[in-house]
Each structure stands twice: as structure tokens, then as C-alpha cells.
2 protein chains.
Amino acid sequence: MTTQHRSETFQKAEIAKIASKFVATASVEKRHQALTMIKQQIQVYFDKILEANNQDAAVSREKGVTDAYLDRLTLTPERLNSLITMIEDLVQLPDPLYLIKEQSQRPNGLIIKHVTVPLGVLGIIYEARPNVTVDTAALALKTGNVILLRGSSSTIHTNRALVSAMQEGLHNAGFPKEAVQLIEDEDRTALDDLCHARGLIDVLIPRGSEKLIRKVTDQAVVPVIETGAGNCHVFIDSSADPDMAINIAVDAKTQRPSVCNACETILVSADWFEEHGMNLITALQAKDVVIHGDPAVKKCSNKVLTATEEDWKSEFLSLDVAMKVVTDINEAIDHIEHYSTNHSESIVSNDSDHVKRFFSMVDAAALYHNASTRFTDGFEFGYGAEVGISTQKLHVRGPMGLPALTTTKALIQGSGQTKA
Amino acid sequence: MTTQHRSETFQKAEIAKIASKFVATASVEKRHQALTMIKQQIQVYFDKILEANNQDAAVSREKGVTDAYLDRLTLTPERLNSLITMIEDLVQLPDPLYLIKEQSQRPNGLIIKHVTVPLGVLGIIYEARPNVTVDTAALALKTGNVILLRGSSSTIHTNRALVSAMQEGLHNAGFPKEAVQLIEDEDRTALDDLCHARGLIDVLIPRGSEKLIRKVTDQAVVPVIETGAGNCHVFIDSSADPDMAINIAVDAKTQRPSVCNACETILVSADWFEEHGMNLITALQAKDVVIHGDPAVKKCSNKVLTATEEDWKSEFLSLDVAMKVVTDINEAIDHIEHYSTNHSESIVSNDSDHVKRFFSMVDAAALYHNASTRFTDGFEFGYGAEVGISTQKLHVRGPMGLPALTTTKALIQGSGQTKA
């Protein structure tokens, strides 16, 4: 246990570790009771939470933030109600703890059971999205973990109101209120401290911009789960059904452009482009999409901007899209390999050999054949809850359900076995 | 892909990434052929490898290293043969790749299959143990990965000979020889570079002393699997069968004291100690164990040293053991919680409530009831091969079999699904 620091953050992490002993051994009924009590206290303080949020919004508005930023920061009654519903739904999901994942009896008679147990202490570092405060705290408690929440200073009043309501709920359920703690960052060392709380924090999950995630992975000494950026591609193969291909490309780009599983680059086989390229461009432009195209695409429409090297790399998160005409699937795979963030990649094709090749060669958390990239999330995958979308390969890859917040213990039953 | 550095290590990592595309898509027959060819080249260069090892041993002997160090560094014909056998055994194990771990059909018709795939590029940082060179390279290739090996400068001649033989084998099997590369550390930046090769190295595994592991975890920007220290405890409960308890304690301490799953502290319930403590002490001392005891233990024998705070924390890796008399199981659990490295912990008891409590409260990779801690390894767990023993909670905990070197891809089959 690190003791060289005694910052407030380290002190909170130490208390969290103690609280985690209680929460980790609480029965599923007790954990569900805590969630229900938390929900009730959010209902009790409903108006106060919205007031606190108004206060944060006013400060941000004065600072002249973008509308998108203000929108993410804002809690409406509807959004707060959806958090309450989320907690109710979470209570209905089966308990992810103490499941036997693997069991064997060894020739020497030892019986080995691998059971799921909580990770322990989670640290979440996130931006001005107050829904994350409740979302991740509820997911943590469902899985027997405790949580340290380090949100943005621009949502500090909202987060204080939410955490205070949740702590009252915990108290009412007989849980230590330190199972959910807010890390305030007045001395600006909180992020550093969380990254270095070795032996106290079992996993740190940065949620937000690529810059934030890099900041955490660059310095973290504690284990991290990255929930990274999505520079997702849709590749339209020469054999693609034209209507299906256009529908998928338009959906992947426009259905919700601000999320990580939205499409950022469309790659089109030259054969297909010759016949249907103009229809694709028209369909995208009809949805106000700004196309950054290579010379072949630019030729088709004077509204197409010239694609730069930066565009191929960009996670636009807007109605912009990069578009390139490729000679064949090999060029498409090479392009994806070079620019992909390994999140979600789609091929639209009726050539099963090409699909097989794409599925085998492209390295990503989720690969789609004849479907939009927009399905990469915990709910669409059927997990009932989502912790985030991992873009790393260790522990969990792609959408994270509740099991991502658990680890295992091997419980070994003997009758006096020795190695000698 | 990081390009600001162009050190030799980064260049090798870049080549490894390219080679990994080939190895990841090679069929299991091809991968097994590569392993067999590697085995053959180790046989061809058998004597040259031993000569190179003699050269390393001579240098180390001149430097005046300890006998234990020299022993770990030395390859005997028998040890080299056992590496050959290991490769043969590995070929017999089932393919861990392209297994469907999870499959579901969603209400919208999407079929989601999670299949196991290679991690990609592994980096191993280890000390003067040339067996690790062959062990980990073979495990990497079995699982479709490529590997960068950064061993100790004191085994450089042995590692060069081994890697050169393995590269010839790879070449003979039609594999890129860069699937196995030795990182030499002439400019002393190799470890740093490996830790920072983000986008090139998928996982870094430090194997060796706690100091080495800390050095890696402290600075690594790439994901790490820790294979950490084992400060393992045997707790003898008041109800323990005396013969069984003494056998287990003696075995856990003495059967092979230099390994991480050996026992370092014995905790004894006061009741049991009063009746059987002297027998336990005598049995340990008969095996030349040096006991570092608390006052109650010291009273029993003038050969017992006084246990210090440092002793409770120590992974002795020798015939030393710390011993403490505790009032009850709660004191034992508190002690373990405070000093454990969460590796392997054992309770000897006939009280099922106490066992349940121990299994629930103690946080470790492996918990034993009535068995020695010495069984925490991949072979004893039935994995057929061992990558190491993870003391972290993410990805894999405890003994790592071949699946620990894989990740998953979600392959999603659609028929034109869009989110809108």
C-alpha cells in the first residue's frame, strides 16, 4: 500500500479499499437494496439535483462553451428519470458474482473452482457528463465494487448533489457511504494521484476524449481499461447490394454522428463506385453530410472537400465523412489497418471469400458484414447494461457488460495434498 | 503508431507488428509445423547452444555471482532436452484460437460470435533464465502471436544462440523469422522503448523479481500483465488435523523454497499452537527451516529468531519462514489482508464456517483449504502449459494457460441492419 502521498485523493482511496471489503461480501439482496435506496434518494432530491445542474450550466454558459458541450452537461427531468429507470433495470439483471466459470478435479484429488468476484476499487475519470456519475456508481455496486468518481469541475455542483443523494441511499441500506466517493480536484493532483494509487485502486477507467485517455494511460501505474476513440470504416465491396450499401453507409454516418461507433471513413470499390457512387454521394449530401473525398470522389460533386491525411485519421464525431475509392478489398484492408483505431469496421459485400478475408485480416473489437457499425454497444450486444466500450485487447474487448467489472478467484478444496 | 523514436527496439517492434499479420492468420497446422521446425533446429544446434551458455556462465562466474544465480543461468543437456519436450507437448495441446466463446442472435437478426484471436505482439522482459527464451517464444507461436524477447545481458550468448536456432526453424517452416526477435540492450534504452511502444506491442509481460516488475509497471504505457511476488500464508486453524497441518506447512515452505507459490508466513491459532506448536517447530527445523517467530513462538525454541515487521512482508524465497500465533481466524485474515501479495493463501481447518469465511474474505488469486500453496501453477491447474502466474486482477488471475495470450473479436453477421 502506497503511503508516501497523503493527499485527499489517496486518503479517499484508502477509505474506499476498506469500504470495498464490506461491499464485496454483501449479498446480492443487500446490493440490490442499496441500489433501490440510492434510487429513492435521487427521487427525494430530484429538484435539488436539477437546481445544482442549472448552476453548473449557468457557469459553463458564461464561459461560452459550445452548445454540444452544454447539451452533454445538462440534466433534464427526462434524463434524470432515465437514470432512475437504469437503476431499476440493473436490479433486474442476474447477479454477475460467485458464478463458477471453470471447475476441474485434478488427478491428485484437488477440486479447483474459478468463481467470479468483484475487482474491488474502481476509479472513473470522466468529463462533463453527469449521467456517468450515476451510471458507473450503480454498475460498480451491482458488481460488488466501490467507486471513486473524478468528474469535470464544470459539473461539480451536479456531481456533489448526485453523490450526496447516493451516499444517503447507501447509508439507508446500511452500507458505508464511502462505497461511492467524489474526487474533487481543487489541488489539480487528483488525476495523478488516482493514476498512482497502486495497491488501492484495482482498475482505472478513463471515459471521454482521446486526449483524456492518453493522459491516463501515459502515466497510470494502476491497471487501466481504455475506452478509446472509434475511427470506424464502412467498406463497400464491388459485389455489394447498392441499396443496402447506401443505407448502411448513411446510417453509420448520420444516425448519431457524435458517438464512437459512428462511421468516419467510407471506402468504396472502384467497380461499385463507377455505377453507384453518385447515388451514395447524393444520399449522404441529402442528410447534410460533408464529404472529404479523394480525387475520384471529388470529381463527382463540387461540394466535396479535398481529403487530407488528417481526414483519414480523424474521428470527426460530426456530419463530416472521409471517402476513398479503392481498387479492391486488399487496398481497403491496408487502409483500415493503417488508420483504424480497432473499434468497429464493416464490410458490405455479397462475396463470401471477401467477407472471410475481411473478418480474418482486420484487427478490431467488432467486425460487421452487411450491417451498420452503430451496433457496437452493450445494449445492442444484449448485455442489459454498459460499462463502456473497450478498445484494448486485455481483459475485455468491445462493449463491456457487468462481467467486465469482475475478476476470478480460484477456490481449491483439498484433503491434505502436498506437492512433495 | 509511434514514430518519434527510431531506436533499434522500436524498429524491431515495427517489424514484429508486420510479422504478426502473417503469424496471426497462419493455420494451426502451419503454426505447429513452425514449432516442430524450431525444435529441430534447437536439436541441430544443441552443442553450440550449450557452448554459448558455458561462455555466459564463465563470465558470470568471474563476476562472482551467487550459486543460485549461476544455477538459474545454466543450461544443462537435460534442461535443454526438457525445453525440446516442452515444444513437443505444446504441439499436442488443442488450438486455443478461433474458438467461439459466446454466440447470440439479437432480436434484429444480427448474429454475434465472439471468437478467440491472438493478442498480436508480445514483449517479454526477464532475467537470466534462458529457458524463458524458448518457453515464451513457443507459447507465443502456439497462440498465433509474435514475440520480442528482452533477456538479461548475462545470458546474451545463450539467447543469441537460441533465437538464431528458432529463427532458422521459422524460416524452414516458411514463417518470417522476425516472429521471434531478441532485443539486445546495448544502449540501455530497450526496456524504456518496450514500455512505450504504444500501438506496436499489445502486451508486455515482465517475469522476474519484484523490482523488475515494478520498473515495468511504473513506466509502461502499453498494457502489462504482472507476474508478481508471492508472500503466501498457511493458516492453521484451531480445528486443524495436526498431522495434516504440519505436512502442509512443511511442504509449502520446503518443497521448493525459491518459487513464488512457496509459503513465507505460517499463522497458527493459539489453541492449536498450545497443543501442537512444538511438533510444528520441530518438523520445520528438521528440514533446516529458520523460523522468524513472534514472542509466543520464540519461547518454544532458542533457535527461533525474532520476527520483524520486515519479516511479515518478506518473500524470503529461502528456507526462512515467519511464524505468528493468532487468537483466532479474524486475526489471521487481518494479518493476511495486510501483508498478502494476493497470490496463494491456505487454511488448514475442519471448521466449514471458518473455511467459508476465509474463502470469502481473503482476496487472492488462489485460496486453498487443506492443501499446500505449492499447487498454484499452470500444470497443476491442468492447463498443459504455463505462461506465468498473474497477480493482477485484469485479463487473467493466477496461473496463465494459453487462453491468456488470446483476446476476442466480435464477428457480426447482418442482412442490411441499420440502427435508425
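Start in chain B of this predicted model and select helix α9, residues 210-219. Helix α9 of chain B lies across two strands, β3 (121-126) and β6. Against β6(B), the helix runs at about 160°.

Now show the strands under that helix. Which order do the strands of this chain B sheet take? Reading across, you get β5-β4-β3-β6, 4 strands in an open sheet with parallel pairing. Colour β5 (180-182) and β6 (203-207) of chain B next: they stand at the edges. Each of them has a single partner strand, so one side of each is left without a neighbour in the sheet. If you tilt the view, look for the twist: neighbouring strands here are turned by 20° against each other on average, ignoring direction.

Stay at the β5 edge and add strand β4 of chain B, residues 146-150. How many bridges join β4(B) to β5(B)? There are 3, and the two strands run parallel. To see one pair up close, select B:L149 and B:L182; B:L182, in β5(B), is the bridge partner of B:L149.

Hop over to chain A. Here too you'll find 4 strands in an open sheet, ordered β5-β4-β3-β6 and paired in parallel. The edge strands in chain A are β5 (180-182) and β6 (203-207), each pairing on one side only. This time, go to the β6 side and select β3, residues 121-126 of chain A. A total of 5 bridges join β3(A) to β6(A), and these strands run parallel. Zoom in on A:Y126, which stands opposite A:R207 in β6(A). Then bring back a helix: α9 of chain A (residues 210-219) lies across β3 and β6 of chain A, at about 160° to β6(A).

Next stop, a pair of helices. Select α2 (residues 28-44) and α5 (residues 77-92) of chain A. Their axes are 9 Å apart and they pack at an angle of about 165°. Why call them roughly antiparallel? Angles over 145 degrees count that way, which makes α2(A) roughly antiparallel to α5(A). The crossing of α2(A) and α5(A) is left-handed. Show side chains at the contact: from α2(A), pick residues including A:H32, A:L35 and A:I38, and from α5(A), pick A:L80, A:I84 and A:V91 among others. If you colour the contact of α2(A) with α5(A) by class, its residues divide into 7 nonpolar, 3 polar and 2 charged.

For another pair, select α14 (residues 329-339) and α15 (residues 352-361) of chain A. They pack at about 20°, with axes 11 Å apart, and that makes α14(A) roughly parallel to α15(A). Is the crossing of α14(A) and α15(A) left-handed or right-handed? α14(A) passes α15(A) in a right-handed crossing. A:I329, A:N330, A:I333 and A:I336 of α14(A) meet A:H354, A:R357, A:F358 and A:M361 of α15(A). By class, this contact has 5 nonpolar, 2 polar and 1 charged residues.

Finally, zoom out until both chains are in view. Chain A can be laid on chain B by a turn of 180° and a shift of 0.0 Å along the axis, with an RMSD of 0.0 Å. That is the relation of a two-fold axis. Where should you look for the axis? Select A:H395: of the residues of chain A, its C-alpha comes closest, at 1.7 Å from the rotation axis. Last, look at where the copies touch: 100% of the interface residues of chain A are also interface residues in chain B, so the copies meet through the same surface.

Technical notes
Residues numbered from 1 in each chain as written. Chains lettered and ligands numbered in written order. Predicted model: local features only at pLDDT ≥ 70, side-chain atom pairs only at ≥ 80, totals over all residues. Heavy atoms only, no water. Least-squares fit on C-alpha atoms with pLDDT ≥ 70 in both. Contact = heavy atoms within 4.5 Å. Axes fitted to C-alpha atoms, helices over the stretch in contact; angles between N-to-C directions. Parallel < 35°, antiparallel > 145°, perpendicular 65-115°, else oblique. Left-handed = near helix turned anticlockwise from the far one by under 90°. Nonpolar A, V, L, I, M, F, W, Y, C, P; charged D, E, K, R; others polar. Pairing = 2+ DSSP bridges.
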